[in-house]
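Colleague: I would like a close look at a single part of this model, taken slowly enough for a first-year student to follow. Could you walk me through the sheet and the helices that go with it?

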Amino acid sequence: MRLLCSDHEREPGTLRVGSAHPVVPQLSEKRPPGAGLVSCPYGTRRAAERSHLPALRAVPGYELRALSASSRQSAERSGQKHGVSRAFGTAAELAACDEVDLVVVAVKVPHHRELVRTALSAGRSVLCEWPLGNGLAEAEDMARSARGRAVPTVVGLQARSHPVLAYARHLVADGYVGEVLSTTVVGSGGAWGATVGPGDHHVLDAANGATLLTVPFGHALDGLASVLGEPEELRIRQVSRRTSAVDTESGRPVPMTAADQVVASGRLPGGAVAHAYRQFLDDLREGTSRVPDFAHGVARHRSIASVTTAA
């Protein structure tokens with residue numbers, strides 16, 4: 001098994017999915033879970049507008065009831081744009097809203113832990129974008145908080161929900177392709193190339209935790225694992241060829257400390273899992289736990305952090 005992520009194009013450990021919750025609050029079929037979206041007016045808000053908002057509205061059973069942003073004014077503008085009546089200036093206000101059952105955290109990685117802990121403290125279920133934390137330690141801290149409060153969680157490793165991967169998973173699990181002897185995955189992460197958009201400068205700073213390794217490679221690794229099983233004897237190597245990228249708007253160089261090449265190799269045993277907003281809705285209603293939760297996110301962080309070398 002080999003995975004390679006690079007910047008050549010502009011478009012873009014053992015674990016078990018869905019570790020058991022001590023207590024999972026169930027929702028009535030008559031009361032759809034109300035979602036509250038924590039976003040921001042720049043950068044990663046695109047993940048909310050392009051992914052989470054359409055997904056929440058496309059899956060029957062959810063109601064988007066509230067959102068928050070970096071200020072009340074910004075939240076109100078977003079609310080007017082997307083037809084959401086409840087707008088809050090802080091995540092704490094959103095999490096305290098009785099109409100909110102699920103808090104969706106879709107902001108930059110350095111803010112994940114604070115916002116997730118705020119939602120967990122209010123007893124809300126949480127869906128947090130991937131990477132779960134800015135490094136393994138933060139992810140472990142959030143998983144402990146969720147486990148201690150017995151709150152259902154899900155981490156946004158959505159590659160495994162893609163229809164192509166779901167179909168491939170079915171073919172492998174059904175035995176249609178026979179024994180898988182080897183596989184190669186080659187991918188690219190647009191923001192880590194020679195140029196960078198004005199809203200993406202933060203991904204070039206390795207300290208922010210949103211790198212080629214953690215984002216596109218992490219998604220690719222989890223998607224591959226969902227089809228063929230969790231990698232064994234995984235080895236990951238990062239390479240930095242650039243020290244800067246050119247801003248597409250100003251033409252000025254932007255410092256780059258994140259690696260722009262990632263190569264991995266390992267051995268795959270085989271397996272199958274699934275993840276989607278729809279599955280999480282079923283988990284909330286039925287008291288099950290089948291989506292990749294925070295414990296899964298910690299294991300994915302660990303699989304990346306413990307076997308990575310730089311050159």
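Modeller: Let me begin with one pair of residues, in which alanine 35 stands opposite leucine 64 of strand S3. This is a predicted model, in which local features need pLDDT of at least 70 and side-chain atom pairs count only at pLDDT 80 or more, while totals for chains, interfaces and linings use all residues. Residues are numbered from 1 along each chain as its sequence is written, and side-chain values use heavy atoms, with hydrogens and water left out.

Strand S2 (residues 34-38) and strand S3 (residues 63-68) run parallel and are joined by five bridges; strands are DSSP runs of E with at least two residues, helices are runs of H or I with at least four, and both are numbered from the N terminus. Two strands pair if DSSP finds at least two bridges between them. These two strands belong to an open sheet of six strands with parallel pairing, in the order S4-S3-S2-S5-S6-S7. At the edges lie strand S4 (86-88) and strand S7 (153-156), each of which pairs on one side only. On average, neighbouring strands of this sheet are turned by 20° against each other, direction ignored.

Helix H9 packs on this sheet, where it touches strand S6 (125-129) and S7, and its direction makes about 40° with that of S7. Contact here means heavy atoms within 4.5 Å, and axes are lines fitted to C-alpha atoms, for helices over the stretch in contact, with angles running from 0 to 180 degrees between N-to-C directions.

Next comes the partner helix H5 (residues 136-149), which packs with H9 at an angle of about 165°, the axes being 9 Å apart. H5 is therefore roughly antiparallel to H9, a term for angles over 145 degrees, whereas those under 35 count as roughly parallel, 65 to 115 as roughly perpendicular and the rest as oblique. The contact is made by Leu136, Ala139, Glu140, Met142, Ala143 and Ala146 of H5 with Phe294, Ala295, Val298, His301 and Arg302 of H9.

Helix H7 (residues 213-228) also meets H9 (residues 294-305): their axes come within 11 Å and cross at roughly 110°. H7 and H9 are therefore roughly perpendicular to each other. On the H7 side the residues are Leu213, Gly218, Leu221, Asp222 and Ala225, and they meet His296, Arg300, Ser303 and Ile304 in H9.
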